[in-house]
Amino acid sequence: MAGVISARAGLSHSLSVTQTVPNRPLQASQLATRCTSPSFLSAKLCKTRPLVVAAAMEVSKEAPSADFANRQPSKGVLETWCNADAVCFDVDSTVCLDEGIDELADFCGAGKAVAEWTAKAMTGTVPFEEALAARLSLIKPSLSQVDDCLVKRPPRISPGIADLIKKLKANNTDVFLVSGGFRQMIKPVASELGIPPENIIANQLLFGTSGEYAGFDPTEPTSRSGGKALAVHTIRQNHGYKTLVMIGDASTDLEARQPGGADLFICYAGVQMREAVAAKADWVVIDFQELISELP
């Protein structure tokens, strides 16, 4: 593809994390509504502090609406969690409160149609590569639009994730971000959380020499179905990890739990409760404090 370049977010501003103490719990079924309320989105309106990451969601301490036995981890699950050499996190609706591609789509005026494709991709009803290509063909974001979106709609880090990652790093556990989202939108988040860029596995948007949208890199493993499983397998093989854990909310994250990949899949349902995914998880959590409290 002549004249095609891969974008790098040209924003070097630091991110800040703000949190509020929950006043009252929310049911898991209410979380999606709470995340899109006007008061909760107010952090996005700040244009004088680019790339501000706000975490003001009231996190529920109550169980999800479905009665999942895996809300209480087994002894074996806890042993695996506490002995992990590495933890791989999904980004959208896990590390961050939003689906990055949906935010970019809404910013570019294609929000509704793209959100429908995202729902299909997250539940596994269509191949991920099909959903990714369809969504990007609707958005066709330019380099300047991506940069503007990061400034005007900064990523919002989930409550508790910074503390969890800090605790993992204190225990000498390596942390990776494995995402079907875009590297350009994830790098500022990784920087704020102290995760090196080489520990990001994500998709890469491509742009022409004038900054126009020119596609995405199809060689990135997370650009297709089964890609997260491949990425996690490669991470484990390259680093020689004995025990590895995957944390996320979607079917693509669940796929990473397989021989040679993740030993454990923890479903984080603090933003989105995908019951079909949660039902197959080794452990379902709705608050990252649940994971912190079990670590040595």
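Strands β5 and β6 run parallel and are joined by three bridges. One of the pairings there sets phenylalanine 182 against asparagine 203, its bridge partner in β6. I should state at once that this is a predicted model, and everything I describe is computed from it.

Let me place that pair of strands in the sheet. The sheet is open and has six strands in the order β6-β5-β4-β9-β10-β11, with parallel pairing. β6, residues 200–203, and β11, residues 283–285, stand at the edges; each has a single partner strand, so one side of each is left without a neighbour in the sheet. From one strand to the next, the twist averages 20°.

I turn now to β4, which covers residues 86–89. On one side, β4 is joined in parallel to β5, residues 174–182, by four bridges, and valine 87 stands opposite valine 175 of β5. β4 also pairs in the parallel sense with β9, residues 244–248, again over four bridges. Within that pairing, phenylalanine 89 has isoleucine 247 in β9 as its bridge partner.

Which way do the residues of β4 point? Ala86 and Cys88 point one way, Val87 and Phe89 point the other way, and all of them are buried. In a regular strand, side chains alternate between the two faces of the sheet. Helix α7, residues 161–170, lies across β4 and β5 and runs at about 160° to β4.

After β4 comes the loop that leads to α3, residues 100–107, and aspartate 90 lies in this loop. Aspartate 92 is found in the loop between β4 and α3 as well. In an unreviewed entry, UniProt lists Asp90 and Asp92 under "active site". That assignment comes from the record; the surroundings I describe next come from the model.

Is aspartate 90 buried or exposed? Its relative accessible area is 5%, and because the cut-off for burial is under 20%, aspartate 90 counts as buried. Leaving aside neighbours within four places in sequence, aspartate 90 is in contact with Val95, Val178, Lys228, Met246, Ile247, Gly248, Asp249 and Asp253. Among these, Lys228 deserves separate mention: a polar contact of 2.9 Å joins the side chains of aspartate 90 and lysine 228.

Aspartate 92 is likewise buried, with a relative accessible area of 13%. Not counting residues up to four places away in sequence, aspartate 92 touches Asp98, Glu99, Gly100, Ser179, Gly181 and Asp249. Asp249 thus appears in the contacts of aspartate 90 and in those of aspartate 92.

I close with the helices. In α6, residues 143–152, the residues Val146, Cys149, Leu150 and Val151 are buried. What covers the buried residues of α6 includes α3, α8 at 183–193 and β7 at 205–207.

How do α4 and α5 cross? Two packed helices are described by the angle between their axes and the distance between the axes. The axes of α4, residues 111–123, and α5, residues 128–139, come within 9 Å and cross at roughly 170°. α4 is therefore roughly antiparallel to α5. On the α4 side, the residues that meet α5 are Ala113, Val114, Trp117, Thr118, Ala121 and Met122. On the α5 side, their counterparts are Phe128, Glu130, Ala131, Ala134, Arg135, Leu138 and Ile139.

Note on methods. Residues numbered from 1 in each chain as written. Predicted model: local features only at pLDDT ≥ 70, side-chain atom pairs only at ≥ 80, totals over all residues. Heavy atoms only, no water. UniProt positions renumbered as here; feature names shortened; annotations may be inferred. Helix = DSSP H or I, 4+ residues; strand = E, 2+ residues; numbered from the N terminus. Buried < 20%, exposed > 50% of the residue type's maximum accessible area, 1.4 Å probe, protein only. Contact = heavy atoms within 4.5 Å. Polar contact = N/O pair within 3.5 Å; in protein donor to acceptor, adjacent residues only side chain to side chain. Pairing = 2+ DSSP bridges. Axes fitted to C-alpha atoms, helices over the stretch in contact; angles between N-to-C directions. Parallel < 35°, antiparallel > 145°, perpendicular 65-115°, else oblique.
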